[in-house]
Amino acid sequence: MSDFAPTVGVSSTRPRNMPADHAALPVWNAENWFYEDWPAGQKIRSLRRTIAESDSHLFNTLVTDIHPYVQDQMFAESEGVFGKRLVAGAFVFSAGLGLVATNCVNAFSYGYDKLRFIKPVFLNDTIYTIRTNLEKRPRYKELGLIRASYEVFKNEGELVLYCEHLQTVKYQNPDDFIGKTEK
């Protein structure tokens, strides 16, 4: 054991399947937050990301989305409702949530509620996301449930997507929640 405590990823360090001196190093870009560390009402904002045609095309190719609104410039301009190509909603969802995603080794996605595509996103639009921790409650013996909203905005603050993310998160002190859980 070293003389210093790792600053992040404590529970993900010291794996047995690598050299001990490597396993003792803190994990970069991983958070070690527990259920107790997620305050309701907390808001964070992401950096911004411009969605280029190549980003959109690569996503569409990976998921086999060849809808003319996202893949056919001539259709989108001449027959489409918006007069130009869209970015697939699934990509806006993925990229928007990815902008505020953490690498928390104690949190696990439980699902999404209330997903709404409010306005279209077009090629070369710039998006950013605001995440708000809405509520949390003890759920299981080892894990609590956190509900957070994700609001994805484009350009200068136009809301384009809303959803709520449910996550289960490990308790730091499970004994503190005995008799308070739902299951």
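What covers the buried residues of α2? In this predicted model, the cover includes α3 (68–71) and α5. The following paragraphs place this packing in the context of the whole chain, and then turn to individual helices, salt bridges and backbone geometry.

The chain contains five helices and six strands. Read from the N terminus, these elements follow the order α-β-β-α-α-α-α-β-β-β-β. The radius of gyration of the chain is 20 Å, whereas a compact globule of 183 residues would have a value near 16 Å. Along the principal axes, the C-alpha atoms occupy a box of roughly 65 × 40 × 30 Å. Of the 183 residues, 39% are buried. Among contacts with a separation of 6 or more, 67% involve residues 24 or more positions apart. The exposed area of the chain is about 11,000 Å², of which carbon and sulfur atoms supply 55%.

Helix α2 has both a buried and an exposed side. Its buried residues are S56, F59 and N60. Viewed down the axis of α2, these buried residues lie within an arc of 100° and therefore line one face of the helix. An α-helix has 3.6 residues a turn, so residues three or four places apart point the same way. The face of α2 turned away from the buried side bears the exposed residues S54, L58 and L62. Just after α2, T64 adopts a positive phi of about 60°, although T64 is not a glycine. T64 belongs to the loop between α2 and α3 and is exposed, because its relative accessibility is 60%.

Helix α5, which forms part of the cover over α2, has its own set of buried residues, namely F91, V92, F93, A95, G96 and L97. These buried residues pack against β2 (49–50), α2, β3, β4 (126–138), β5 and β6. The packing of α5 thus involves a helix as well as several strands.

The chain has 10 salt bridges in total. Side chains of opposite charge can pair when their charged atoms come close. One of the salt bridges is formed by R49 and D55, with the closest N and O atoms 3.5 Å apart. Both partners are partly exposed, R49 at 28% relative accessibility and D55 at 24%. A further salt bridge joins the side chains of R85 and E53, at an N to O distance of 2.8 Å. This pair connects distant parts of the chain, since R85 lies in the loop between α4 (73–78) and α5 (89–98) while E53 lies in helix α2 (residues 53–63), 32 residues apart. The partners fall into separate accessibility classes: R85 is buried, at 6% relative accessibility, and E53 is partly exposed, at 44%.

Within the strands, the side chains of D113 and R147 meet in a salt bridge of 3.2 Å, N to O. D113 is located in strand β3 (residues 107–117) and R147 in strand β5 (residues 143–154), so the pair ties together parts that are 34 residues apart in sequence. D113 is partly exposed at 29% relative accessibility, whereas R147 is buried at 18%. Salt bridges with shared partners link D113, K114, E135, R147 and E164 into one network. K114, a member of this network, is found in strand β3. Although K114 is not a glycine, its phi is positive, at about 55°. With a relative accessible area of 49%, K114 counts as partly exposed.

Strand β6 (residues 158–170) contains Q167. At 8% relative accessibility, Q167 is buried. The side chain of Q167 makes a polar contact of 3.2 Å with the side chain of R131. Leaving aside residues up to four places away in sequence, Q167 touches W38, A107, F108, S109, Y110, R131, G144, L145 and I146. R131 thus appears both as the polar partner of Q167 and among the residues that Q167 touches.

Definitions and conventions. Residues are numbered from 1 along each chain as its sequence is written. This is a predicted model: local features need pLDDT of at least 70, side-chain atom pairs count only at pLDDT 80 or more; totals for chains, interfaces and linings use all residues. Side-chain values use heavy atoms; hydrogens and water are left out. Helices (H or I, at least four residues) and strands (E, at least two) are DSSP runs, numbered from the N terminus. Buried means under 20% relative accessible area, exposed over 50%, partly exposed in between (1.4 Å probe, protein chains only). A polar contact is a pair of N or O atoms within 3.5 Å; within protein, one must be able to donate a hydrogen and the other to accept it, and residues adjacent in sequence count only if both atoms are side-chain atoms. Contact means heavy atoms within 4.5 Å. A salt bridge is a side-chain nitrogen of Lys or Arg within 4 Å of a carboxyl oxygen of Asp or Glu. The radius of gyration is taken over C-alpha atoms; the globule rule is 2.2 Å times the number of residues to the power 0.38. Accessible areas come from the Shrake-Rupley method with a 1.4 Å probe; for residues, only the protein chains shown count as cover. The arc is that of the directions from the helix axis to the C-beta atoms.
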